[in-house]
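Student: I am new to this structure. Can we go through its inner space and its helix packing, step by step?

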Amino acid sequence: MPGPLTGFTVLDLTSVVMGPFATQIFGDLGADVIKVESPDGDIMRHMGASERPAMGPIHVAVNRNKRSVVLDLRQPMARDALLRLAAGADVFVHSMRPDAIGRLGLTYDDVRAAREDIVYCGAYGYGKSGPYALDPAYDDMIQGVCGLAALNGHLAGEPRFTPTIVGDKVCGLTIAYSVLAALLHRARTGEGQCLEVPMFESMVSFMMVEHLWERTFDRDHGQAGYPRVMSQLRKPHRTLDGYICMLPYTDRNWQDFFRLATRPDLADDPRYATPTRRSENYETLYAVLAELIAGQSSKFWLEQCRELSIPAAPVNRLEDLFSDPHLRAAGTFFEAEHPNLGRITQVKPPVTFSRSPAQVRRLAPGLGEHSREILQQAGLADHDIAALVASGATI
């Protein structure tokens, strides 16, 4: 069955991870995603081991369900060809800085001239209205400026990056839901529009859900930062033979846990008797929790906590995910035959739809694999395509 975005066309002028992650979601949901690349290709094509040049693992991970066209947009013929493509597209997404997209003559007004109701999304490091607008930004920079690296310093003793490109991926999801909202607006009103998705502001919004804390009520003097999640004692707990994650949450959870740990007296301890008191005394509470968990095996806690509905989970390594029984049952990892790479492992779309399922229809394309096909569909004559090839504007 077709996916919910079947019939929509997305022009993807993004690179690295943030934008491609977002546009891959559109492709998984059924959209025809046309990835527009320079003759050198997206930089992520060249990062990491690969059985074939220009097909690195991160590129393969975030560019399935797309077709690739090469256009050197510095050449007027290539820009004109892109605007021909835009005339038949629903969405235009780019991740260039405002000055760069302006030099190419591909601002919102330029693209809207090709299609009045297009949804145009600029994915930037920083919003255009602020003093950082023209600064380069990658995940490391954004983790630093949004406060995440400093938060990790509470645990590491110095600022540290989180060992996943969380800024790129959170902002990719922000692009995805924003574009979908704009398409819904267009369906209701017939109006296209220009979106701006800045990484810095998006990550501050993400971070401050819990860390606005006392500043919610006292902007000038309140303490920012949710103390419980910043505590060094908030970590996986050592057992007799490994580590587990455990978080008794409700009053019932705590009472059951104290009985299970043969410390029923703690259920009546005034420091831990109510959610408010536990919140006020989380440091000593976490210390008690760690001490009690250390007395039994991981298997004991996981089995007993499941019976009592106390939240608990194993601490998986990345390698463990491939054999995790839940992920195996869900079919999260699957193998597919890539026409150029052979058997590759992929992660399936996580969301299920009862009527219009997300699907992996095609695997990540080679550089310019669909150039001629896409340009012909845009109405370019064979001699125009030949001229683009001769000039090096496409391959």
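**Cavity and helix contacts**

Tutor: Start with the lining of the largest cavity in this predicted model. Helix α11 (residues 251-260) gives the largest share of that lining, with 4 residues.

Student: How many cavities of 30 Å³ or more does a search of the whole structure find?

Tutor: Rolling a probe the size of a water molecule over the atoms shows where empty space is left. Here the whole structure was searched, and the count of cavities of 30 Å³ or more is 1.

Student: How much space lies in the largest cavity, and which residues line it?

Tutor: The space comes to about 40 Å³. The lining residues are Asp251, Trp254, Gln255, Phe258, Ala267, Tyr272, Ala273 and Arg278.

Student: How do the residues of that lining divide by class?

Tutor: Asp251 and Arg278 are in the lining, and Asp and Arg count as charged. Gln255 is there too, and Gln counts as polar. The full division is 5 nonpolar, 1 polar and 2 charged.

Student: Now the helices. Are α1 and α8 parallel, perpendicular or oblique to each other?

Tutor: Helix α1 (residues 18-28) packs on α8 at an angle of about 45°, and their axes are 7 Å apart. Angles of 65 to 115 degrees count as roughly perpendicular, and those under 35 as roughly parallel. The pair is therefore oblique.

Student: Is the crossing of α1 and α8 left-handed or right-handed, and what classes of residue make the contact?

Tutor: The crossing is right-handed. Met18, Phe21 and Ile25 are among the α1 residues in the contact, and Leu173, Val179 and Leu180 are among those of α8. By class, the contact has 11 nonpolar, 2 polar and 2 charged residues.

Student: How is α8 set against α9?

Tutor: Helix α8 (residues 166-189) and helix α9 (residues 199-211) pack at about 95°, with axes 9 Å apart. Angles of 65 to 115 degrees share one label. So α8 is roughly perpendicular to α9.

Student: Which residues of α9 make that contact?

Tutor: On the α8 side are Val166, Gly167, Asp168, Val170, Cys171 and Thr174. By class, the contact has 6 nonpolar, 3 polar and 1 charged residues. From α9 come Met199, Ser202, Met203 and Phe206.

Student: What about α3 and α17: which way does their crossing turn, left-handed or right-handed?

Tutor: Helix α3 (residues 76-87) and helix α17 (residues 382-391) pack at about 135°, with axes 10 Å apart. That angle makes α3 oblique to α17. Their crossing is left-handed.

Student: Which residues make this contact, and how do they divide by class?

Tutor: Helix α3 brings Met77, Ala78 and Ala81, while α17 brings Ala387, Leu388 and Ser391. Ser counts as polar. The division is 5 nonpolar, 1 polar and no charged.

Definitions and conventions
Residues are numbered from 1 along each chain as its sequence is written. This is a predicted model: local features need pLDDT of at least 70, side-chain atom pairs count only at pLDDT 80 or more; totals for chains, interfaces and linings use all residues. Side-chain values use heavy atoms; hydrogens and water are left out. On a 1 Å grid over the protein atoms alone, a cavity is a set of points where a 1.4 Å probe fits but cannot get out, and a pocket is an open set with protein on both sides within 12 Å along at least five of seven lines; lining residues have an atom within 4 Å of a point. Grid points are joined across faces, edges and corners, and a volume is the space filled by probe spheres set on the points. Helices (H or I, at least four residues) and strands (E, at least two) are DSSP runs, numbered from the N terminus. Axes are lines fitted to C-alpha atoms, for helices over the stretch in contact, and angles run from 0 to 180 degrees between N-to-C directions. Angles under 35 degrees count as roughly parallel, over 145 as roughly antiparallel, 65 to 115 as roughly perpendicular and the rest as oblique. A crossing is left-handed if the near helix is turned anticlockwise from the far one by less than a right angle, and right-handed if clockwise. Contact means heavy atoms within 4.5 Å.
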